[in-house]
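Here's a quick walk through the insides, the surface and a couple of backbone oddities of this protein. Have the structure open as you read.

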Amino acid sequence: MESSELSLTLAYVVFSVCFVFTPNEFRSAGLTIQNLFSSWLGSEDVNFIQYHVRRTSVTVLVHSVLPLGYYVGMCIAAPEKHLVYINQQVSDSWRVFFLVSLCLQLASWALIIYWSHSHWLNHPISRTLQAHVQPPYSSWGFVAANINTEFRRIDKFATGSPGARVIVTDSWVLKVTTYHIYMALQSECHVTVIDSIQHHLSPDSATPTEILTLRVDSINPAVRPFNICVNSTEYAELREKLQAPIRNSPNVVIHQTIGELFLETFRAQVNLNQSYTLPSGQEVEPCIGCMQVPANTKLVRLCQAAGGDIESECQQCFCRPMWCLSCLGRWFASRQDQQRPETWLSSKVPCPTCRAKFCIVDICMVRSLLQTADRYSDLTCWKEE
C-alpha cells in the first residue's frame, strides 16, 4: 500500500470511529447526526419519540454509507488504480469491497422503507412501545404521547453521553442508545446495582470517578432487561426520582463522596433542631434553588440561646422560607474549606438571600399550623390514654 493510500485509510478510519462514537470534540464542531439533520429531525423536547424514530433511521443510513465513502475517497486519492470503472483493471478485492459496500447501503434503505410502513409501525422503537399497550393506553401512539409529555417536564432525571443517555421521568425509565430506546414502566420494574467501577482519570473531573451499572428488570415479559450506567455522584438524585427502592448486589460497594456524607449528617442534625411554625395565612412556596419541592427551612437565630451567654457571630435572618433542606445543605457545603471537612458542621455561612450569617443550629424545619394542630391533638390523645 502506497503512502497516500495508507494516509487516507488511517484518516478515514479515525474519522469513521469518531463519527460513530462522537467524542466531545466532534460534538463541539457540530459533526453529529443530530446537528447535521436538525432541520428534518425536529425538536426532541416537543416530540421525543418521533424525534428518535427519525434519528435512529438516519443514523442507520449514514453509518451504512461510510464504507462506500471510503471507496469514493480512494477513487479520488488514488486515480491510478482506476477504481471509478469497475472493470478488469480493478483488483478482485476492491470489486468485492465495492459490491459489499453497495449492498450494505441498499439493504439499509430497504430496512428504513420497511420500518416506515404504516406510520413507522415496524420500527424497533414502535415495537417496544407496543409492549406497553395496556389500559389506560389503547395503542402505542398513546404510550408515545405520555412519554413525550413527561419528557417535557423540568423535574426529569437525565444524564449520560448522547450514545448512552439515561432518562427517568415520573413513570418511565429510558435508555437512549445510538440505534434504539430501551424503556420500562417504573410501576413494573425493579432496579439492581450490579457493578461498580472506579476510574482514577476522568475527562470531566480532576477527581476519581465511580461509575455504577444498574440492571432494570420488568415484570412485563415483553420487556427485555437492560443496563444503565450513572456516576456515583448522581446516584442520590436517581434514587429520589425512582419510585421503587434500588437493590444492591452483595459484592457491590458504593463509595459516597464527602459531600453526600455531609448532606446525610446535615439533614440528621437539622431534624434535631427546633421547628418553625408558619404564621397564619402564609403559604409555603417552591424552593427557589430547585423549584421541585416546597421550601421547608427557615433561618432563626437560636445558637445564642443554645450557647448561653457566649456571644455568637450569627445574625437574625428576616427572609421568608425560600429554600428546601437539600439545596440549603449544598449551599452550606459549598461555602466551606474543602480541605478541612472536619470543620464543616461547626462553621458559619451567609444566608444565600440576605447574607446574614448563620450556623447549623439556626436552621429550622418549617411546620404549618395544620401540622402543629395535628401534632398537638396526637399528644393530647396520648396523655388522655
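A helix here is a DSSP run of H or I covering at least four residues, and numbering starts from the N terminus. Keep in mind that this is a predicted model.

**Backbone oddities**

By that naming, W120 sits in helix α7, which covers residues 92-120. Its phi is positive although W120 isn't a glycine. M291 also has a positive phi without being a glycine, and you'll find M291 in the loop between β9 (276-277) and β10 (297-299).

| Residue | Phi | Place |
|---|---|---|
| W120 | near 65° | helix α7 (residues 92-120) |
| M291 | near 55° | loop between β9 (276-277) and β10 (297-299) |

Is W120 buried or exposed? Neither, quite: W120 has a relative accessible area of 23%, so it counts as partly exposed.

**On the surface**

F15, L31, L36 and F37 together make a nonpolar surface patch of about 310 Å². One of them, L36, belongs to helix α3 (residues 33-36). L36 is partly exposed, because its relative accessibility is 47%.

**Inside**

Now for the interior. The largest nonpolar core counts 24 residues, and F266, V270, L299, L328, F358 and I363 have the most contacts inside it. At least two residues of this core come from each of α11 (258-272), α13 (325-334) and β13 (363-367). The top contributor is α13, which gives six residues. Take V270: apart from neighbours within four places in sequence, V270 is in contact with L325, I360, I363 and M365. There's also a second, separate core of 20 residues, including V193, L214, V216 and I228.

Terms used
Residues numbered from 1 in each chain as written. Predicted model: local features only at pLDDT ≥ 70, side-chain atom pairs only at ≥ 80, totals over all residues. Heavy atoms only, no water. Buried < 20%, exposed > 50% of the residue type's maximum accessible area, 1.4 Å probe, protein only. Patch = residues over 30% accessible without salt bridge, like charges linked within 9 Å, V, L, I, M, F, W, Y side chains within 5 Å. Areas by Shrake-Rupley, 256 points an atom, 1.4 Å probe, with all protein chains shown as cover. Salt bridge = Lys/Arg side-chain N within 4 Å of Asp/Glu carboxyl O. Core = buried A, V, L, I, M, F, W, Y, C linked by side-chain atoms within 4.5 Å. Contact = heavy atoms within 4.5 Å.
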